[in-house]
Amino acid sequence: VLAMPQASTLQVKLSVKSVEYLKKKVACGEFASESDALDDMVAARRDEDAELEQWLKEVITDRHESYLANPSSGIPIEQVEKHLEERRRRRAEARA
């Protein structure tokens, strides 16, 4: 018999859009309850945060050390800004 994880109660306020989303996930049978859906989503975000932290520690640290060893390998700030602006524009268009 599997033991249920210890649970705690938290009262939160969500946007109407978020509540509708949770109710839809329950109605289609993906989750047994809104609490289960939220718990799963928080766990997924926690995993994403852990992956990001690991990536920052491994990849970014290595790249920074490589740059310090050879600064000419860097990308000009203007190129970075142009790339980020284009990325923001595409995301905004996708949301519209």
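Mentor: Let's begin with a yardstick: a residue is buried when its relative accessible area is under 20%, exposed when it is over 50%, and partly exposed in between. The model we will apply it to is a predicted one.

Trainee: Why does E34 count as partly exposed?

Mentor: E34 has a relative accessibility of 31%. Buried would need a value under 20% and exposed a value over 50%, so E34, at 31%, is partly exposed. You can find E34 in helix 2.

Trainee: What makes E34 and K23 a salt bridge?

Mentor: The cut-off is a Lys or Arg side-chain nitrogen within 4 Å of a carboxyl oxygen of Asp or Glu. For E34 and K23, the closest N and O atoms are 3.9 Å apart, so the pair meets the limit of 4 Å. This bridge links distant parts of the chain, with E34 in helix 2 and K23 in helix 1 (residues 16-27), 11 residues apart. The general idea is that side chains of opposite charge can pair when their charged atoms come close.

Trainee: And why is K23 called partly exposed?

Mentor: K23 has a relative accessible area of 47%. That value is under the 50% mark for exposed and not under the 20% mark for buried, so K23 is partly exposed.

Trainee: How many salt bridges does a search of the whole structure find?

Mentor: The search finds seven. Two of the bridges involve E86, so let's test each against the 4 Å limit. With R89, the closest N and O atoms of E86 are 2.2 Å apart; with R90, they are 3.5 Å apart. Both values are within 4 Å, so both pairs are salt bridges.

Trainee: Where do E86 and R90 lie?

Mentor: Both are in helix 3, four residues apart, about one turn of the helix. Salt bridges that share partners join E86, R89, R90 and E93 into one network. E86 and R89 also lie in helix 3 (residues 77-95), and three residues separate that pair, again about one turn.

Trainee: How do you know whether E86, R89 and R90 are buried, exposed or partly exposed?

Mentor: Take the values in turn. E86 has 30% relative accessibility, R89 has 35%, and R90 has 43%. Each falls between the 20% and 50% marks, so E86, R89 and R90 are partly exposed.

Trainee: How do you know what span to expect for helix 2?

Mentor: The expected span is 1.5 Å times one less than the number of residues. Helix 2 (residues 34-69) has 36 residues, which gives 52 Å, and the helix reaches 51 Å from its first C-alpha to its last, close to that expectation. Helix 1 has 12 residues and an expected 16 Å, and its reach comes to 16 Å.

Trainee: Where is the kink in helix 2 centred?

Mentor: The kink is centred on L56, with an angle of about 30°. For another backbone feature, look just after helix 1, where G29 takes a positive phi of about 90°.

Trainee: Which residues make the nonpolar surface patch?

Mentor: L10, V12, L14, V19 and L38 make a patch of about 410 Å². Patch members need over 30% relative accessible area and no salt bridge. V19, in helix 1, has 32%, so V19 passes the area mark. L38, in helix 2, has 31%, so L38 passes the area mark as well. L38 and L22 are 16 residues apart in sequence, with their C-alpha atoms 7.7 Å apart in space.

Trainee: What makes the protein more spread out than a compact globule?

Mentor: The protein has three helices and zero strands, in the pattern α-α-α along the sequence. Its radius of gyration is 21 Å, whereas the globule rule gives 12 Å for 96 residues; the value is well over the rule, so the protein is more spread out than a compact globule. The C-alpha atoms fill a box of roughly 55 × 40 × 25 Å along the principal axes.

Trainee: How much of the protein do buried residues make up?

Mentor: Buried residues, those under 20% relative accessible area, make up 4% of the 96 residues. The protein exposes about 9100 Å², and carbon and sulfur atoms supply 55% of that area.

Key. Residues numbered from 1 in each chain as written. Predicted model: local features only at pLDDT ≥ 70, side-chain atom pairs only at ≥ 80, totals over all residues. Heavy atoms only, no water. Helix = DSSP H or I, 4+ residues; strand = E, 2+ residues; numbered from the N terminus. Bend = angle between axes of the 7 residues up to and from the residue. Buried < 20%, exposed > 50% of the residue type's maximum accessible area, 1.4 Å probe, protein only. Patch = residues over 30% accessible without salt bridge, like charges linked within 9 Å, V, L, I, M, F, W, Y side chains within 5 Å. Areas by Shrake-Rupley, 256 points an atom, 1.4 Å probe, with all protein chains shown as cover. Rg over C-alpha atoms; globule rule 2.2 N^0.38 Å.
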